[in-house]
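Here is a short note for someone opening this entry for the first time. Please keep the sequence and the 3D view side by side while reading.

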Amino acid sequence: MCGIVGYIGQNDTAKSVVIEGLTRLEYRGYDSAGISIKTEDGFKTIKTTGGVDNLYEILPEDLDSGNIAIGHTRWATHGAPSEANAHPHVSMHGTISLVHNGIIENYETLKTQLIKEGYKFKSETDSEVLANWIEFHYNRNYSEHENDLSNAIRLALRDVVGAYAILVTETHYNQMIAVRKSSPLCIGIGDGEYVIASDATPIIEHTRDIIYLEDDQMAVISLDGGLAGNPDIHILDVENQTVPLDVEKVTMELESIEKGGYDTFMLKEIFEQPSAISNTIRGRLTLSAEDDLMMGGVENVMPQLLRAQKIFIIACGTSWHAALIGKTIIETLCRIPVEVDYASEFRYRKPIIKQGDVLMSISQSGETADTKAAMEMAKEKGATLFGIVNVVGSSIARMSDSGIYTHSGTEIGVASTKAFTGQLAAVTLIAIKMAKQLGSITNENYADLKRSLALIPKKMSAVLLQKEEIFKIADEYSKPEYRDFLYLGRGINFPIALEGALKLKEVSYVHAEGYPAGEMKHGPIALVDENCPSVFIAPTDKSYDKVLSNMQEIKARGGKVIAIVTEGDAAMSKIADHVIEIPKTDDLLTPMLTCIPLQLLSYRIAVNLGKNVDKPRNLAKSVTVE
Ligand code: BG6
C-alpha cells in the first residue's frame with residue numbers, strides 16, 4: 001500500500017504541505033517518493049528512491065511552492081523501486097499528473113490499447129497506464145469551453161478493474177480530482193484550502209474538519225470556482241449525482257503522531273500499552289459484579305452473538321494472532337464454536353457460512369484489503385459482520401454491521417504492538433459480556449475476570465520496568481551466529497509464540513518460528529543447537545508441567561533457553577539460561593503480559609543489528625491491495 005497526499009488552496013504552500021504530509025504517511029510505504037507541483041508551464045515533478053528524506057534533499061531550492069501539488073510515498077506492487085516507477089506519473093502528453101494507491105488488475109489490457117494509440121511508457125507501473133488512460137479520454141473529448149476532466153475520469157474508470165485511490169491534477173484548469181474505490185481517501189477542509197490524503201495523519205495539523213470518501217465517490221475541488229458556480233468542492237456518486245458533504249471532526253491528537261521523546265515510534269508504542277489498555281477499557285469496564293459491561297457496539301448485535309451457531313474470526317498478520325487468542329477466550333467463556341482464518345485464505349476456501357453466523361474482523365488499520373474482501377463474501381452469505389478496529393472511520397468499521405474500536409491511539413510503527421494488546425483487551429471484554437448474558441460463567445468468575453482485566457495496565461507497567469534486563473538478554477543474542485530462533489508456547493500462549501517470532505522477523509530480519517511447545521519434538525527440534533535459541537512463553541497455567549519437560553528436551557540438546565515465567569517461579573529459573581518474570585494474572589489474560597518482553601527483545605536485537613524498526617524493509621503498516 002502507498003500513501004498519497006494533495007494540496008489545493010488559496011495559499012502558496014502546496015509544496016511544504018505535501019512534503020510534510022508524505023512524512024506523516026511514510027509508514028504506509030517507503031521504497032520511493034515523489035511530488036508534482038502545478039506551475040504556469042505544466043508540472044514540476046521530482047521523484048526518488050528511498051524515503052521522503054531523500055526527496056527533501058533533492059528538491060531544487062528555487063522550486064515554486066504553488067497552490068496545487070500532489071505527492072506519493074510508495075510500497076511497490078508493479079515494478080521495483082526506481083525513480084521511473086515512483087509516483088507521481090505525468091501522462092505522455094503532459095496534460096495530467098496522477099498519484100495512485102491500489103492495483104489496476106487489467107492494466108496490461110489498457111496498455112495494449114494505448115500502445116495502439118501511439119502511447120509510450122516510461123515505467124513498469126499500472127499507475128502510469130492509468131494516467132495515460134485518463135489523458136487519452138480527456139484529450140479525445142477535450143473542448144476549451146467545457147472543463148470536463150471529471151467526465152473524462154469517469155469514462156476512463158469505466159474500463160478499469162481494480163482498487164484505487166487517485167488524485168489527478170491537470171494543466172488546463174486549477175482543479176484536483178480525487179476518486180476512491182476500495183483504497184482509503186479523506187479530505188481535510190481548511191480555510192480556503194483542502195488537504196486530501198490516504199488517512200487523517202497529514203490533515204490534523206491543518207484542520208479537524210474531514211470528509212471520508214466512500215467507495216465510487218469522486219471529489220472535484222476547484223480553485224476556478226467549481227462547476228456551475230458551486231462551492232470549491234463537491235462530491236459526485238457513481239451516477240454522477242452530487243452528494244451532500246458529510247463533514248466529521250477528527251479526534252486524533254498531533255502528539256499521537258509524534259515520537260514524544262522516544263527514539264522510535266515502536267518503542268513509544270510499546271511503552272504506551274498501559275495507557276492504551278486503560279483507554280480500551282475506559283467507560284466499558286465497571287468493577288461491581290452486578291454492572292454489565294458498557295459496549296454499545298456489542299449490544300447492537302447481542303442477539304446475533306448469543307444465538308450464533310458459529311463465530312468466524314478473520315484477520316492478517318499480528319491481528320491474526322489476536323484472533324487465535326480470541327478463539328480460546330470466547331470458546332472458554334461462552335462455549336460457542338469459533339473458527340479462525342487468515343483473511344487471505346478464508347475467501348478462497350469456500351467456508352461454510354450459514355445465515356445467523358457471525359464474522360468478526362480484527363484489524364488495526366481497518367483498511368487491509370484481504371480482510372475487507374473476506375467480509376464482502378461473508379456478507380453475501382448472510383453473516384453478521386462485527387469489526388474490532390483501531391482506526392476511527394476506516395473502511396472495515398464502515399462495512400461492519402456493528403463493532404468496537406480498540407482506542408489504542410494512532411499506531412505508526414509498522415510492527416504492531418499496542419494495537420495488538422488493545423485487540424486482546426477488546427475481545428476479552430466482548431467475551432466476558434457475552435458469557436454474562438449466556439450465563440456460561442458464574443457471577444464470581446465474572447467479577448474476578450473484570451477485576452483482573454482492570455489490573456492489566458498496572459501489571460504491564462511492571463513488565464516494562466524490566467526493559468534494561470530484557471535489553472541485556474537481547475544484547476547477548478544480537479550476534480551473527482544467532483540466525484534462527486524458536487518461539488514455543490502452549491494453549492493461549494501458543495499464538496504469543498507466533499507473535500514473538502513474527503516481531504523478530506518483522507524488525508530484525510532474523511529467521512524465527514513460533515510453534516506449540518508440544519509440537520516441537522515432532523520436527524522443529526531438529527533446528528536446535530547452541531546457535532538456535534529457544535524462547536519459551538511459560539506462565540504457571542494448566543500446561544506448565546508439560547512446558548517444563550519441553551524445556552528440558554531443548555536443554556538436553558545444548559539449546560539456549562530464554563523463558564517468560566510467572567514471578568516467583570523457581571523451577572524454570574533452574575533450567576532456563578535467562579528468565580523474564582511477569583506478574584500473576586488470570587490464565588486467559590496472560591498473553592497481554594507475556595507479549596511485552598518479546599516486543600522489547602525483538603526491538604533491541606533489531607536496533608543492535610542497525611535496522612530501521614519503524615520502517616522495516618518490504619513491509620507497510622497495512623496492505624490495501626490483495
Ligand atoms: C501488515 C502490518 O501489513 O498488516 C502488520 O505490517 C499488521 O503489522 C497486518 O498486523 C494486518 O494489518 P491490520 O491493520 O489489518 O491489523
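1. Start in strand 7, which spans residues 162-170 and contains A165. The model is predicted, so every value here is computed from predicted coordinates. A165 is buried, and its relative accessible area is 0%. Now look for D215. A165 and D215 are 50 residues apart along the chain. Their C-alpha atoms are separated by 9.3 Å.

2. Strand 25 offers a second case of this kind. I580 has its place in this strand, which covers residues 578-582. Is I580 buried or exposed? I580 has a relative accessible area of 2%, so it counts as buried; the cut-off for that is under 20%. I470 is worth selecting along with I580. In sequence, 110 residues separate the two. In space, I580 and I470 are 7.3 Å apart, C-alpha to C-alpha.

3. Next, helix 5, residues 149-158. How many of the 10 residues of this helix are buried? Seven are, so helix 5 is largely enclosed by the rest of the structure. The buried residues are L149, S150, A152, I153, R154, A156 and L157. Note that R154 is on that list, and so is S150.

4. Turn to the ligand. Which pocket holds the ligand? The ligand sits in the second largest pocket. Its surroundings comprise 15 residues. The closest are S319, S363, Q364, S365 and T368. By type, the shell divides into nine polar, four nonpolar and two charged residues. Helix 10, residues 317-334, gives the most to this shell, with three residues.

5. Polar contacts to the ligand deserve a close look. From the side chain of S365, a polar atom lies 2.7 Å from an oxygen atom of the ligand. Backbone atoms take part as well. A polar backbone atom of V414 is 2.9 Å from a ligand oxygen. For T318, a polar backbone atom and an oxygen atom of the ligand are 3.0 Å apart. Taken alone, the ligand exposes 390 Å², and the protein buries 92% of that.

6. Some backbone geometry should be checked by eye. Most residues other than glycine have a negative phi, and most peptide bonds are trans. Three places in this model depart from that pattern, and the next points take them in turn.

7. Between H87 and P88 the peptide bond is cis, with omega about 0°. Where is P88 found? P88 is in the loop between strand 4 (68-74) and strand 5 (89-90).

8. N240 is not a glycine, yet it has a positive phi of about 65°. N240 lies in the loop that runs between strand 13 (233-236) and strand 14 (242-243). The relative accessibility of N240 is 33%, so this residue counts as partly exposed. The partly exposed class lies between the 20% and 50% cut-offs.

9. K350 also has a positive phi, near 50°, in a residue other than glycine. The loop that holds K350 lies between helix 11 (343-346) and strand 18 (358-363). Why does K350 count as exposed? Its relative accessibility is 72%, and exposed means over 50%.

10. For a second pass, return to two places. One is the ligand, where S365 makes a side-chain contact at 2.7 Å. The other is the bond joining H87 and P88, which is cis.

Key. Residues are numbered from 1 along each chain as its sequence is written. This is a predicted model: local features need pLDDT of at least 70, side-chain atom pairs count only at pLDDT 80 or more; totals for chains, interfaces and linings use all residues. Side-chain values use heavy atoms; hydrogens and water are left out. A residue is near a molecule or strand if one of its heavy atoms lies within 4 Å of it. A polar contact is a pair of N or O atoms within 3.5 Å; within protein, one must be able to donate a hydrogen and the other to accept it, and residues adjacent in sequence count only if both atoms are side-chain atoms. Accessible areas come from the Shrake-Rupley method with a 1.4 Å probe; for residues, only the protein chains shown count as cover. On a 1 Å grid over the protein atoms alone, a cavity is a set of points where a 1.4 Å probe fits but cannot get out, and a pocket is an open set with protein on both sides within 12 Å along at least five of seven lines; lining residues have an atom within 4 Å of a point. A molecule sits in a cavity or pocket if more than half of its atoms lie within 2 Å of its grid points. Helices (H or I, at least four residues) and strands (E, at least two) are DSSP runs, numbered from the N terminus. Ala, Val, Leu, Ile, Met, Phe, Trp, Tyr, Cys and Pro count as nonpolar, Asp, Glu, Lys and Arg as charged, and the others, Gly among them, as polar. Buried means under 20% relative accessible area, exposed over 50%, partly exposed in between (1.4 Å probe, protein chains only).
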